[in-house]
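Visitor: I have a structure here that I would like to talk through before going back to the bench. Could you put it up?

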Amino acid sequence: MKWSYASQRKEYGHALIELGKARKNVVVLDADLSGSTRTADFAKEFPEHFFNCGIAEQNMMGTAAGLAASGKIVFASTFAVFATGRCWDQIRQSIAYPKLNVKIVATHAGITVGGDGASHQSGEDVALMRTLPNMTVIVPVDASETFKATKALADHNGPCYMRMGRLDFPIITDAETPFKIGKALLVREGSDITLMGNGVMVSRCVEAAETLLKKNISARVINMSSVKPLDEAIIDAAVKKTGGIVTAEEHNVVSGLGCAVASYVAEHDPVPMRRVGLMDTFGESGEGEELMRKYGLTAEKIIEAVEEVIRRR
Amino acid sequence: MVAIPDDVIIELEKKANLIRRHVIRMTRAAGSGHPGGSLSSSDILSALFFKVMNHRASDPSWEDRDRFILSKGHAAPAYYAALAESGYFPVEELLTLRKLGSRLQGHPSKSKLPGIEMSTGSLGQGLSVANGMALAAKLDRKSYRIYCLCGDGEMQSGQIWEAAMLGAHYELDNVTAFVDRNKLQIDGPTEKIMSVEPLPEKWKAFGWNTIEIDGHDMRQILDACEKAKEMKGKPTMIIAHTVKGKGVSFMENALSFHGKSPNDEEAKKALKELGENQ
């Protein structure tokens with residue numbers, strides 16, 4: 001398929017500037033990666049409301065908590081692996097437990113980080129954040145949704161985590177597409193199987209659906225950008241209508257979107273499922289697209305999973 | 001500096017002892033908790049809650065209040081006693097400490113009890129939060145101050161020094177922090193477990209206005225807080241030399257009472273020493 005691509009990070013920076021203009025209580029923190037996370041765009045417009053915390057992410061999260069406890073809407077950004085792994089206890093104790101209004105918005109999630117290798121890639125961040133009570137977890141599908149989600153996070157009172165990729169991602173939504181925390185988006189109708197993805201993997205689900213159509217399999221595609229809370233109604237409908245689900249995420253299959261969906265399905269109306277994602281492995285250096293192929297984050301893997309689910313039904 | 005009359009000092013010392021008696025009763029009733037580090041910080045808490053800080057128990061979220069963060073969250077019994085005696089909640093509720101359904105969690109929880117500015121307990125995190133509140137005050141052109149009480153064991157946490165750097169970098173002169181330097185942590189003396197000295201030199205090197213005091217001398221505590229208020233462009237760290245278990249002879253410098261409550265007999269003896277009938 002021919003896709004147009006756009007940058008999520010750029011739209012994050014753009015949304016922050018709009019928020020800064022509209023609300024006086026928006027404060028942005030970064031840990032020496034403001035050029036990469038694009039919080040530097042905000043810093044340029046609102047230097048007084050931006051604080052670089054240096055390479056000290058744990059302190060950044062505590063500082064964010066103090067600002068939020070004083071009535072600020074705080075965005076704290078760095079790479080996904082540092083934002084969630086290095087600071088998990090600070091987020092748990094100082095942000096999630098007291099339910100403070102801190103938005104942890106991370107870039108360079110997944111393995112499409114590329115050349116930096118496994119130390120800078122993140123296949124665990126969604127799992128780490130999803131397990132925290134009070135936490136909202138969003139994995140936007142593309143640039144436009146990132147813009148809307150950033151604004152939605154500011155409107156939501158409470159701790160949130162959002163992750164973005166480093167690369168430009170295929171455009172799935174436009175300015176008119178609705179976004180609401182807790183609501184999934186039907187991208188494509190279908191009746192034989194449901195493909196639920198988030199982030200860049202929604203585009204792989206759409207590619208898979210195109211190919212499956214040629215095999216007379218009608219695949220429904222859903223953008224599950226809201227990992228927590230999950231859109232349970234859309235899962236119920238998918239189960240009833242299609243009787244099988246394949247999930248796809250640029251994240252470890254352990255405790256990510258696939259597990260969230262599988263837990264819900266298993267406890268309500270079990271149907272055959274498969275999860276496509278990183279198979280409990282670290283990544284390595286390489287080009288983003290090369291890595292996606294090597295680690296099975298492809299339409300082909302989704303199609304294989306669909307065929308297996310259909311056989312098991 | 002305005003001289004503080006003797007009767008004010010005596011009153012604050014009495015309140016500190018009242019906090020100590022509550023600590024003994026509370027940890028006895030709970031059957032667990034941390035009396036040692038609560039007793040060492042009782043004088044500092046008395047000074048802050050009954051003299052130094054502007055706060056209103058009738059309006060815990062008053063915008064211009066001074067903020068207090070107990071970074072050493074395990075001293076919660078003394079903190080709760082100071083809050084109750086300030087009028088944030090009924091004094092009788094103190095005896096519910098650590099009980100199922102109580103607002104007095106084993107470590108302070110912001111969402112449960114009025115007056116708690118921040119949930120703490122996982123050590124090394126409070127100073128970062130104090131810095132965030134101080135940045136917010138500066139942004140809002142507010143003159144309230146942030147007070148933070150750290151334990152000396154916390155000085156072993158990397159995050160404390162990250163916060164030390166940030167506080168100096170952003171010139172957070174609205175932060176007054178204390179180290180309750182009682183020289184003991186759960187496993188033994190701090191200098192045996194993991195040396196934190198030379199503490200004053202470290203804080204000075206990190207760019208903080210550093211003051212050393214006897215943390216049980218009420219006048220020295222108040223003077224240090226005044227000096228911190230006068231300092232421009234630098235946050236203040238008050239290194240308060242204290243005695244773990246202060247005020248109860250058999251608990252003083254006794255490692256065993258870091259995280260163990262007194263039994264009935266010990267509690268009785270302790271209360272007697274603390275002037276139960278005062």
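Guide: We can take the domains of chain A and then turn to chain B, keeping in mind that this is a predicted model.

Visitor: Okay, which domains does chain A have?

Guide: The domain assignment splits chain A into domain 1, covering 5-170, and domain 2, covering 185-312. Taken over C-alpha atoms, the centres of domain 1 and domain 2 of chain A are 25 Å apart.

Visitor: And how many residues of the two are in contact?

Guide: On the domain 1 side of chain A there are 26 residues in contact with domain 2 of chain A, which contributes 29 residues of its own.

Visitor: Which elements of domain 1 give two or more residues to that side?

Guide: In chain A these are the helices α7 (125-130) and α8 (143-155), together with the strands β6 (136-138) and β8 (169-170). By class, this side of domain 1 of chain A, where domain 2 is touched, consists of 14 nonpolar, nine polar and three charged residues.

Visitor: Switching to chain B, what is its secondary structure?

Guide: Chain B has 10 helices and seven strands. Its radius of gyration is 17 Å, close to the 19 Å that the globule rule gives for 278 residues, so chain B is as compact as a globular protein of that length.

Visitor: What does the C-alpha trace span, and how much is buried?

Guide: Along its principal axes the trace of chain B spans about 50 × 45 × 40 Å, and 52% of the 278 residues in chain B are buried.

Conventions:
Residues are numbered from 1 along each chain as its sequence is written. Chains are lettered from A and ligands numbered from 1 in the order in which they are written. This is a predicted model: local features need pLDDT of at least 70, side-chain atom pairs count only at pLDDT 80 or more; totals for chains, interfaces and linings use all residues. Domain bounds come from an automatic or database domain assignment. Two residues are in contact if their C-beta atoms, placed from the backbone, lie within 7 Å. Helices (H or I, at least four residues) and strands (E, at least two) are DSSP runs, numbered from the N terminus. Ala, Val, Leu, Ile, Met, Phe, Trp, Tyr, Cys and Pro count as nonpolar, Asp, Glu, Lys and Arg as charged, and the others, Gly among them, as polar. The radius of gyration is taken over C-alpha atoms; the globule rule is 2.2 Å times the number of residues to the power 0.38. A residue is buried if 20 or more other C-beta atoms lie within 10 Å of its own, exposed if 12 or fewer, and partly exposed in between; C-beta atoms are placed from the backbone.
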